[in-house]
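Me: I'm new to this one, and I'd like to know what stands behind each label. Can I ask you about them in turn?

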Amino acid sequence: MSLYYVQKFLFELNRDEAFQAAYRADRRAVLGPYELTDEEITALIEPDIGLLFHLGVNGQILMHFAALHQIEWADYLQLMRDGIERHGPVREGVYAMTGYQGVDAHAAGLGQDSLAADGTGNTGQGGE
Amino acid sequence: MALVYAGVCSHAPGITGRADQADPEVREEFYAAFDQMRAAIEARGAEAIMVVAAEHFANFFMNNMPAFAMGMADFYDGPIEDAGWLAIDKFRAPGNRDLSERLIREVMATVDVAYAEEWRFDHGIAVPLHFLTPAFDLPVIPVNINCQGPPLTPLHRAWAFGEALRRAADSVPERIALVGTGGISHWPATPDSGKINQAWDEEFLDRWCRNDRQALLDYDDLTVYAEAGQGGFEIRTFLAVSAAAAGVPGTVHFYTPIPIFAVGCTVASYDLAALS
């Protein structure tokens with residue numbers, strides 16, 4: 001488990017177009033210098049957005065990785081939800097501070113309807 | 001000269017990148033509020049805009065994360081994100097290295113601020129500039145408070161930093177506009193993206209407009225996370241502007257939750273003339 005290095009790889013990938021080209025050419029090779037587990041390497045190669053979120057990757061880093069792979073916004077949100085469903089709560093990092101309760105629990109706690117199933121983020125609350 | 005403008009605004013990437021998915025009427029009202037903010041900054045003759053941001057791992061990472069940072073360069077490139085994704089073309093914004101250095105030296109008298117001679121703007125600065133200096137013809141002084149990588153900058157230190165920014169702005173002959181940009185409640189880039197706690201936002205904005213230091217510092221990260229999401233950590237940028245405004249009252253010019261933008265969209269400012 002090396003969340004720091006997963007995020008460091010993504011941080012460097014997100015800000016360097018030459019590095020992005022190298023990643024496109026040989027995904028496994030560019031991961032070599034980073035201290036990563038086999039699970040993390042697999043998630044970064046596939047890519048498995050849901051697993052990366054479950055591992056604790058910050059969404060501010062992860063959303064650019066998704067965009068790099070031409071994943072649309074609504075699909076990106078759904079992949080994270082699927083990852084939590086498949087793998088369980090976020091393991092560590094900022095989202096593990098109080099435990100990830102899921103969209104429905106969050107919405108209920110705020111007295112709101114849940115997010116729309118289409119992933120648009122339409123909460124059904126007033127003022128939209 | 002002095003600080004001539006102090007305000008806050010939202011910066012979420014969806015504001016530009018997902019503009020076509022928002023209700024056009026609400027979106028245009030929000031954009032109009034940005035236009036009014038730009039007009040106010042121009043009317044005060046600002047010679048530089050200091051943007052207090054909560055950057056998102058574009059320049060600063062957990063290998064060396066500063067609590068505070070200020071840019072000290074003659075130019076800044078952006079956006080670091082894909083231009084199509086953000087719907088903002090690649091740009092080079094002017095800086096002012098000499099002005100930055102004078103401001104940083106003054107801030108350093110009370111706050112240990114890091115400086116950066118290289119800084120690539122992410123959406124946190126690019127989106128506000130897109131509306132506030134669309135021709136990129138106003139020198140920018142980028143400023144950052146760590147709102148992303150815990151342990152985060154304590155709120156009372158963000159306040160002290162804002163006071164230092166005010167003192168620095170008042171120590172230079174140039175007319176400085178100060179714009180804080182961030183939250184308020186939101187869960188950006190997570191499965192909860194689009195969730196907005198409007199009641200929490202309105203309570204926060206009430207405290208912000210009263211410029212009530214005690215009430216603004218009466219938040220803690222665990223509660224903020226539970227009620228306002230990790231995006232709520234960005235209130236640090238709003239608090240810094242409150243401190244810089246030194247007790248004067250503020251006005252919310254626009255606040256409306258726009259879920260597809262993933263934030264309660266906000267434009268607000270302090271009445272600096274109230275002190276004079």
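**Strands, helices and labels**

Reply: Sure, let's begin with a pairing: in chain B, strand β2 and strand β8 (residues 175–181) run parallel and are joined by 5 bridges. One of the partnerships is B:Ile49 with B:Ala177 in β8(B). Keep in mind as we go that this is a predicted model.

Me: What makes β2(B) and β7 of chain B count as a pair?

Reply: Two strands pair if at least two bridges are found between them. β2(B) and strand β7 (residues 140–145) have 5 bridges and run parallel, so they pair. Here B:Val51 has B:Pro142 of β7(B) as its bridge partner.

Me: Why is β2(B) called mostly covered?

Reply: Strand β2 spans residues 48–53 of chain B, and 6 of its 6 residues are buried. B:Ala48, B:Met50 and B:Val52 point one way, while B:Ile49, B:Val51 and B:Ala53 point the other way, and all of them are buried. That fits a general rule: in a regular strand, side chains alternate between the two faces of the sheet.

Me: How do you know that helix α7 of chain B has the span expected of a helix?

Reply: You count 1.5 Å a residue, taken over one less than the number of residues. For the 13 residues of α7(B), 198–210, that comes to 18 Å, and the end C-alpha atoms are 18 Å apart, so the two agree.

Me: Which residues of α7(B) are buried, and what puts them on the same side?

Reply: The buried ones are B:Trp200, B:Asp201, B:Phe204, B:Leu205, B:Arg207 and B:Trp208. They cover an arc of only 160° around the axis, so they sit on the same side of α7(B). Their cover includes α8 (213–216), α9 (221–228), α10 (235–245), β9 (250–258) and β10 (263–270) of chain B. Right after the helix comes B:Asn211, with a positive phi near 50°.

Me: How does helix α6 of chain B do on the span test?

Reply: Its 16 residues, 155–170, should span 22 Å, and the end C-alpha atoms are 23 Å apart, which agrees. Its buried residues include B:Leu155, B:Phe161, B:Leu165 and B:Arg166.

Me: Why is B:Gln214 called exposed?

Reply: The exposed label needs 12 or fewer other C-beta atoms within 10 Å. B:Gln214 has 7, so it is exposed. This residue is in helix α8 of chain B.

Me: And what makes A:Arg86 exposed?

Reply: A:Arg86 has 11 other C-beta atoms within 10 Å, so it meets that cut-off too. You'll find A:Arg86 in helix α7 (residues 73–87) of chain A. Its C-alpha atom is 8.3 Å from that of A:Gly50, 36 residues apart along the chain.

Me: Why is B:Phe136 called partly exposed?

Reply: Buried starts at 20 neighbours and exposed stops at 12. B:Phe136 has 16 other C-beta atoms within 10 Å, so it falls in between. B:Phe136 lies in the loop between α5 (123–132) and β7 of chain B, and its phi is positive, about 50°, although it is not a glycine.

Me: What makes a positive phi or a cis bond worth pointing out?

Reply: Most residues other than glycine have a negative phi, and most peptide bonds are trans. In chain A, A:Gln70 has a positive phi of about 60° without being a glycine. A:Gln70 is in the loop between α6 (59–68) and α7 of chain A. As for cis bonds, there is one from B:Gly78 to B:Pro79, with omega near -15°, and one from B:Pro150 to B:Pro151, with omega near 0°. B:Pro151 sits in the loop between β7 and α6 of chain B.

Me: How do you know that chain B agrees with the rule for a compact globule?

Reply: With 276 residues, such a globule would have a radius of gyration near 19 Å, and chain B has 17 Å, so that agrees. Its C-alpha trace spans about 45 × 40 × 40 Å along the principal axes, and 57% of its residues count as buried.

Me: Which kinds of element does each chain have?

Reply: Chain B has 10 helices and 10 strands, while chain A has 8 helices and 0 strands.

Technical notes:
Residues numbered from 1 in each chain as written. Chains lettered and ligands numbered in written order. Predicted model: local features only at pLDDT ≥ 70, side-chain atom pairs only at ≥ 80, totals over all residues. Helix = DSSP H or I, 4+ residues; strand = E, 2+ residues; numbered from the N terminus. Arc of directions from axis to C-beta. Contact = placed C-beta atoms within 7 Å. Rg over C-alpha atoms; globule rule 2.2 N^0.38 Å.
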